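Student: Got a minute to go through this one with me? I'd like to talk about how its parts pack together.

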There are 2 protein chains.
Amino acid sequence: MTIRKDNHDLTKERILNEAEALFAQKGFGAVSVREITCAANCNLAAVNYHFRNKGNLYIEVFRVRWVPRAMRLQKHFRRSLAAQGPPSPTTVAQALAEAFLKGPLSDEERQRHFQLMTRELGQPTEAFEIVADEVMRPFFEELASMLRPAMPKGLRSEQVLLNILSIFSMVLYFNFARVAISRITGREYDAAFKNRLVKHIVEFSLKGLGGLEKEGLR
Amino acid sequence: MTIRKDNHDLTKERILNEAEALFAQKGFGAVSVREITCAANCNLAAVNYHFRNKGNLYIEVFRVRWVPRAMRLQKHFRRSLAAQGPPSPTTVAQALAEAFLKGPLSDEERQRHFQLMTRELGQPTEAFEIVADEVMRPFFEELASMLRPAMPKGLRSEQVLLNILSIFSMVLYFNFARVAISRITGREYDAAFKNRLVKHIVEFSLKGLGGLEKEGLR
DNA sequence: GTCTATAGCAGGATAGAC
DNA sequence: GTCTATCCTGCTATAGAC
């Protein structure tokens, strides 16, 4: 079998890769198309040919790169959760923290993923619709339905959502604010520190969720 | 007593105010000087006259607006902590969450404050040196020294720092990602929801810190 | 599908009148 | 201190050759 479409669309792929990295690093407004095409080693006009304009390239980064990666993360979460029997707050927190901090992503990919997400959370654009509708809302629903059976029926689902958001905020931040956290803790983001963070978030989340079963009736 | 310096320096103040709001909302790269001077109802050249250039205006926003506000927050924290007797993990978490979520700041001021901070955490610039050196590091030291007596001597101070960072991540996020959180929870950021969030963060943090006393020796 | 060239505009910054 | 006028650079986007 020979190689099809020599370098057809390879330019498009390279642009998507470099655009994602740069948008994650600096934010949409602080990245120029020139910067992207230069990093992608292609011509300035290629962005307009393949993506119509800069704004649409940003949206496509989410559609074609970000969402599929989020799906991989969810799949990983479901697998490691299923391996632990019926879901409880404990196993859910464990599987969540592990999927998002160790998971199937490379270090760089993970940081990129959460940086893009954090930008949309802080300053939602059109891409936030994709993030919210295709990833966050369905996933939160799924988590809530997993946790609900373990909880007293008086417990409002809002309480569950807030707990989930709290775990997310930690995961997001320990991935998003790496540079700052390194400077403040004085530790590099190496394997040892990453494992330390995973352990910490799992423990903190477990304890945070811990009282959940007893809180339904006030 | 008559009013001194009629509108002297009032322009400078207006520029600082509008610049802070816009930088918080959109980020440094996405705000133009024209936008700022237009909002501040002054001439384009005023920024260069008063602040030399755009980058320096950004730094001055942190020096003149952000740091003093952070100091007000710390003062509030110390006062409400002192009112509860000797500090323990419980009282510290309580006072922290309250200072950062209810505290002395207006809603708008609080969001602005944490948005600026979050931007620097995710993508540190020169201003991060100010944030870290003048505010974060000293404050974290203070918190650690408050918590240390209550903990077994085997406990590494890193553990304490991670706990503090975790609480911060929640506070930061629930202030930073308001728009997104509103859309996902379906709730406006009104007084009721704010109180709900305060209650949740205090409880989650308390539980998260809860096991702290028992973890020193492994 | 990729290139060059360029239109057309918005950005930061400054000079100099008032 | 504040204004207008302007320079110059860098931006996005497009037209048209190859």
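Student: How much area is buried between domain 1 of chain A and domain 2 of chain A?
Tutor: About 540 Å², and carbon and sulfur atoms give 47% of that. Keep in mind that this is a predicted model.

Student: Which three residues of domain 1 of chain A supply the most of what it buries there?
Tutor: Glu20(A), Ala21(A) and Ala24(A), which together supply 72% of the area that domain 1 of chain A buries against domain 2 of chain A.

Student: And how many residues does each domain put into the contact?
Tutor: Eight come from domain 1 of chain A and six from domain 2 of chain A. The side of domain 1 that touches domain 2 divides into three nonpolar, three polar and two charged residues.

Student: Where does each domain run in chain A, by the way?
Tutor: Domain 1 covers 1–52 and domain 2 covers 66–212. Their centres, taken over C-alpha atoms, are 29 Å apart.

Student: How many salt bridges cross between those two domains?
Tutor: The rule finds two. Glu20(A) turns up again here, with its side chain meeting that of Arg69(A) in a salt bridge at 3.0 Å, N to O. As for polar contacts, four residue pairs count between the two domains, with both residues at pLDDT 80 or more.

Student: OK, switching to the chains. What's the buried area between chain A and chain B?
Tutor: About 4,500 Å², with carbon and sulfur atoms giving 60%. The contact takes 51 residues from chain A and 51 from chain B.

Student: Which three residues lead on the chain A side?
Tutor: Tyr173(A), Ile184(A) and Phe204(A) supply 15% of the area chain A buries against chain B, more than any other three residues.

Student: What about salt bridges and polar contacts across chain A and chain B?
Tutor: The rule finds six salt bridges, and 18 residue pairs are in polar contact, both residues at pLDDT 80 or more. One salt bridge joins the side chains of Arg183(A) and Glu129(B), at 2.4 Å, N to O.

Student: Last topic, the largest nonpolar core: which residues have the most contacts inside it?
Tutor: Leu57(A), Phe77(A), Leu57(B) and Phe77(B), in a core of 156 residues.

Student: What does Leu57(B) touch, leaving out residues up to four places away in sequence?
Tutor: Ile15(B), Leu16(B), Ala19(B), Phe23(B), Ile36(B), Val47(B) and Phe51(B).

How values were computed:
Residues are numbered from 1 along each chain as its sequence is written. Chains are lettered from A and ligands numbered from 1 in the order in which they are written. This is a predicted model: local features need pLDDT of at least 70, side-chain atom pairs count only at pLDDT 80 or more; totals for chains, interfaces and linings use all residues. Side-chain values use heavy atoms; hydrogens and water are left out. Domain bounds come from an automatic or database domain assignment. Contact means heavy atoms within 4.5 Å. Buried area is the accessible area (1.4 Å probe) that two parts lose on being put together, summed over both. A salt bridge is a side-chain nitrogen of Lys or Arg within 4 Å of a carboxyl oxygen of Asp or Glu. A polar contact is a pair of N or O atoms within 3.5 Å; within protein, one must be able to donate a hydrogen and the other to accept it, and residues adjacent in sequence count only if both atoms are side-chain atoms. Ala, Val, Leu, Ile, Met, Phe, Trp, Tyr, Cys and Pro count as nonpolar, Asp, Glu, Lys and Arg as charged, and the others, Gly among them, as polar. A nonpolar core is a set of buried Ala, Val, Leu, Ile, Met, Phe, Trp, Tyr and Cys residues joined through side-chain atoms within 4.5 Å. Buried means under 20% relative accessible area, exposed over 50%, partly exposed in between (1.4 Å probe, protein chains only).
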